[in-house]
Structures are given as C-alpha cells and as structure tokens.
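User: I have a model open and would like to go through it by question and answer. Please keep the reasoning short.

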Amino acid sequence: MFAIDGGGGRNDPCLSLKGPGVEMTLENIEIRNCGDSTTNSVNGGAISVTDGAVMNVDGAWIHDNTAQYGAGIYVDDSEVFLKGSRVSDNEAEQTTSDSSSSTKKRQRGQKSSEQAPGGSGASRNGGHGGGIHARSGALLSVKKSVITDNMAASGAGISLWGNSVGLIEASEVTHNEALLEAGGLYVFEGSATVIKSIVSWNQADYGAGISGHFANLRTVSSEVKFNTAASLGGGGIYASRTALDVDDCTIEGNKAALGAGLLIDESPTLTVIKDSAIIYNLASDLLFGGGGIVAFNGASLEVISTLIGGNTAVGNGGGLLAIEGSSVSLSAGSKVLDNSAEYGGGGFGGFSG
C-alpha cells in the first residue's frame with residue numbers, strides 16, 4: 001500500500017482536488033498525519049474535494065489527520081465515492097492560539113474543561129466531521145467501509161450539511177465520539193440513506209448514533225445499537241424536524257436520558273417505523289424517560305409490524321412515551337411487551353401497560 005505522510009505540520013490537505021470536470025481515483029493508499037492543530041488547518045486534513053470535482057477512493061486507509069472540517073475527507077459541492085476503505089482516528093477541531101486547548105490532547109471520553117454556551121459540555125473549539133464532512137450539495141457514497149474512532153464537536157463519524165446527499169451502504173460507523181451531537185452520522189438540511197449497515201458504540205451528548213435536523217433520513221435493514229447519549233436524548237436516533245423512515249432495522253441497547261432508542265421531535269411528516277425491533281434500550285431521565293421511543297413536541301408516529309420490547313425507563317414510558325401533543329399509531333401486528341418504567345407506563349407513557 002502506497003503511503004502519504006503529512007508529518008503533522010501542514011495547514012492544507014495532503015491531497016486537494018478542485019474544479020468541475022476534474023476527476024481522480026485513489027486505490028490502495030494510506031494517508032496519515034495530514035493537517036496540524038497548531039496551524040489551524042481548516043477544510044480537509046487528508047483529502048479536500050471541492051467546486052464540482054469527483055473523487056473515487058477504493059481500498060484506502062485514512063487516519064490520524066486533523067482539520068476544522070472533514071479531518072479525513074472534506075467534500076464541498078463535489079462527489080466522493082468511498083469503497084472498501086477505513087477512515088479512522090481523525091479529529092475535527094478548531095484551536096485558539098493556545099494549542100493546549102486542542103481536543104486531540106485529551107483522552108477519549110474526557111470532556112473539555114471549556115464549556116460551550118449553554119453548558120452543553122462541548123468544546124468551544126470543536127470542529128465538524130471528524131471522519132468525513134460534506135456540504136453545499138455534495139454527494140457522498142460510502143460502501144463496504146469502516147468509519148471508526150473519529151472525534152469532533154458534531155458528526156464525529158460523518159456529517160452532511162446544506163442539501164448534501166449521503167448513502168451509507170454495507171458499512172460500519174462505530175466507536176466515534178462527538179463532544180456535542182451525533183457521534184456516528186449527523187445530517188443538517190440534507191438527506192441520508194443507511195442500508196445494510198451498522199451504527200454502533202458511538203458517543204455524544206445527544207443523537208449519539210444518528211442525528212438529523214431539518215433533514216431526510218431513511219434507515220433500511222440496518223442495526224443502530226449500543227450508542228450512548230451522555231446527558232440528553234436520542235441514544236440511537238435523534239430526529240428533529242426531520243422526515244424519518246425506519247424499515248427492517250434493529251435499534252438495540254442504546255442509552256440516553258430520554259428516547260434511548262429514538263427521540264422524534266416535531267416531525268414535519270409522518271414518521272414510519274416498519275418491520276423493526278426496538279429492544280433493550282435504557283432511558284435514565286427521572287421525569288420523562290421513554291426507553292424505546294419518545295415522540296415529542298407534536299411529532300406524528302406510525303409503528304407497523306414492529307416489536308418494542310425489553311426497554312427500560314427510570315422515569316415514565318418504558319416502551320414508548322408520547323408527550324406535548326404528539327400522536328402514535330400502533331398497527332398491523334406491532335407488539336409492546338416486557339418493558340418497564342420506575343414511575344409508570346411500563347409499555348406506554350401516560351397509560352397502563
């Protein structure tokens with residue numbers, strides 16, 4: 001495997017592709033130590049693809065790179081097709097003149113002593129898209145790849161912004177850590193489809209596995225499991241004003257204060273969960289809870305042929321909690337069983353069950 005080593009002292013990407021009609025293919029390549037926190041590398045530590053360019057990456061290992069946005073790969077108004085590759089141990093960060101504030105200096109799982117406004121626990125100088133950051137109508141395809149052990153303020157594994165479109169297929173997004181939101185996948189005003197993939201063991205304050213805002217999310221034949229939202233909601237999936245469709249998925253063993261499996265907040269369209277299993281998730285909030293699912297703030301949810309089972313809430317609604325004007329329909333063979341809640345509503349928050 002051919003290797004490119006940036007030496008950790010560059011303030012620009014090791015590889016940059018720019019302009020319409022420009023296309024590059026990378027095969028069997030290792031790209032490491034690109035970008036440098038002390039020089040404030042901005043867009044793309046290892047790879048930057050911008051302004052209509054197209055890059056194909058096959059069999060690559062992209063690791064230990066640093067940038068503010070897209071420490072591994074940065075995509076802006078361009079197309080990237082990633083296949084059979086590993087994107088690992090990259091960190092999106094912003095630094096002040098005091099390089100000691102770099103998040104890279106801290107151990108995984110340790111919060112910065114600097115608090116973001118509102119006391120969220122995120123570093124003020126955290127960046128976005130530790131593994132991959134796509135924005136401005138970019139197209140990102142990730143197939144048969146592993147996105148792991150990356151860090152950022154949000155979207156530690158992958159972040160999609162601004163009408164970008166993402167496809168994650170037959171891949172793993174695992175063990176990534178966000179200081180604020182979305183350890184695994186973050187979608188803001190974009191669209192993402194997750195097919196036959198595993199999103200697991202990611203950490204964030206909220207939306208630990210997958211998080212969407214003003215977005216379109218579809219998960220199909222995938223597993224979202226063992227993710228942890230450290231202090232807020234949505235251990236597996238957090239959807240805020242987002243069109244969400246979950247089909248033939250397992251959402252298992254996630255932890256959060258509320259909505260440990262899924263937290264659905266003010267859905268713009270009907271959220272549909274079909275042919276899936278929401279099982280063994282744990283919500284720790286004393287007041288609310290919702291071990292399996294929380295529908296919140298006027299959300300509308302339909303559950304079809306789905307098992308909601310074995311979930312636990314310290315507060316209310318071990319299986320499912322609908323609050324603040326939200327509506328839930330259970331139909332066509334769905335089962336809610338063996339859930340538990342400390343204060344009431346083992347199956348349904350606000351109801352006996």
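Analyst: The turns below cover confidence, the sheet, the disulfide and one strand residue.

User: What is the mean pLDDT of the chain?

Analyst: This is a predicted model, so confidence comes first. A pLDDT of 70 or more is reached by 86% of the residues. Residues 96-125 fall below 50, although that stretch has 59 contacts in the model beyond near neighbours in sequence. Over the chain, the mean pLDDT is 88.

User: How many strands does the secondary structure of the chain come to?

Analyst: The chain has zero helices, which leaves strands in the count. The number of strands is 44.

User: Which are the edge strands of the open sheet?

Analyst: The sheet is built from 12 strands with parallel pairing, in the order 1-4-7-11-15-19-23-27-31-35-39-43. From one strand to the next the twist averages 5°. An edge strand pairs on one side only, and this applies to strand 1 (2-5) and strand 43 (335-337).

User: Which residue of strand 43 stands opposite L307?

Analyst: Strand 39 covers residues 307-309 and runs parallel to strand 43, with three bridges joining them. Opposite L307, strand 43 places K335.

User: Is the disulfide left-handed or right-handed?

Analyst: The structure holds one disulfide, between C14 and C34, with an S to S distance of 2.0 Å. C14 sits in the loop between strand 1 and strand 2 (15-18), while C34 sits in the loop between strand 4 (29-32) and strand 5 (47-50), 20 residues apart. The torsion about the S-S bond of C14 and C34 is about -105°, so the disulfide is left-handed.

User: Why does C34 count as buried?

Analyst: Buried means under 20% relative accessible area. Its disulfide partner C14 meets that cut-off at 15%. C34 is buried because its relative accessible area is 0%.

User: Is I198 buried, partly exposed or exposed?

Analyst: I198 belongs to strand 23 (residues 198-200). Beyond its neighbours within four places in sequence, I198 contacts S171, E172, V173, E223 and K225. The partly exposed class runs between 20% and 50%. With a relative accessible area of 24%, I198 is therefore partly exposed.

User: What separates the C-alpha atoms of I198 and C249?

Analyst: C249 is buried, with a relative accessible area of 2%. Along the chain, I198 and C249 are 51 residues apart. Their C-alpha atoms are separated by 9.9 Å.

Notes: Residues are numbered from 1 along each chain as its sequence is written. This is a predicted model: local features need pLDDT of at least 70, side-chain atom pairs count only at pLDDT 80 or more; totals for chains, interfaces and linings use all residues. Side-chain values use heavy atoms; hydrogens and water are left out. Two strands pair if DSSP finds at least two bridges between them. Helices (H or I, at least four residues) and strands (E, at least two) are DSSP runs, numbered from the N terminus. Axes are lines fitted to C-alpha atoms, for helices over the stretch in contact, and angles run from 0 to 180 degrees between N-to-C directions. Buried means under 20% relative accessible area, exposed over 50%, partly exposed in between (1.4 Å probe, protein chains only). Contact means heavy atoms within 4.5 Å. pLDDT is the predictor's confidence in each residue, from 0 to 100. A disulfide is a pair of cysteine sulfur atoms within 2.5 Å.
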